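Please keep the coordinates open while reading these points. They start with one helix and then turn to its surroundings.

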Amino acid sequence: MKNLILLLFITLTTMACQEEQKIAFVDNAKVVNEYQKKKDFEEKFKAKIETFNKKADSLQQAIQVEAQLFQSRASKMKQNKAEEEYNALVQKKQMQDYQLGNEEKLLQAEGQKEIDTLVKQVKTFIKDYGKQNGYTFILGANEAGSVLYGSDAKDITDKIIAELNKEEDSSGTKE
């Protein structure tokens, strides 16, 4: 009998606590991917990547033309002169590859830095949204399984996206 009363007390206490807590979840990836500021950044960044790729292709074509010219002249050259020009061409190609590699790394770092900044902004926004709207917890749903199941009624992903993008539009920071 004592166990039954204790179990009833624990159940009622737990139910009372649950009613006080406002809990929801968001799909982290969806929020970030549908954040207008991220879409705008990706559009701008795509142009930078295209410019880099055009430059890389142009330099690659120039080296290929030089290599073809060298091949057509190499048979008429003395061996030591041909080796000298060949080595110069190889060195030029290596320097070009090194330069392009560095530029590509800088471009990747720039992109990652911007994405990290956007993710921090989203996290801050969700934290503030939770405080302003009386949530005890807002959980993040992701591929790793932070939320394995959640009632659709507790999914506030679309609300967060709408509010986040509304705030972005009203701040006038679109570039």
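**Notes on the predicted model**

1. Helix H4 covers residues 79-132, and its 54 residues at 1.5 Å each should span 80 Å, which agrees with the 79 Å between its end C-alpha atoms. The expected span is 1.5 Å times one less than the number of residues; helices (H or I, at least four residues) and strands (E, at least two) are DSSP runs numbered from the N terminus.

2. This is a predicted model, in which local features need pLDDT of at least 70 and side-chain atom pairs count only at pLDDT 80 or more, while totals for chains, interfaces and linings use all residues. Residues are numbered from 1 along each chain as its sequence is written, and side-chain values use heavy atoms, with hydrogens and water left out.

3. The mean pLDDT (the predictor's confidence in each residue, from 0 to 100) is 86 for the protein, and 86% of its residues reach 70 or more. Confidence is highest in H4, at 94, and lowest in helix H1 (residues 2-20), at a mean of 59. Where pLDDT is low, predicted coordinates should not be read in detail.

4. Buried residues of H4 (under 20% relative accessible area, 1.4 Å probe, protein chains only) include Leu-89, Gln-96, Gly-111 and Tyr-129. Their cover includes strand E1 (23-27), helix H3 (36-74) and helix H5 (157-171).

5. The largest nonpolar core (buried Ala, Val, Leu, Ile, Met, Phe, Trp, Tyr and Cys residues joined through side-chain atoms within 4.5 Å) has 21 residues; Val-122 and Tyr-129 are among those touching the most other members. H4 gives the largest share, seven residues.

Terms used
Buried means under 20% relative accessible area, exposed over 50%, partly exposed in between (1.4 Å probe, protein chains only). Contact means heavy atoms within 4.5 Å.
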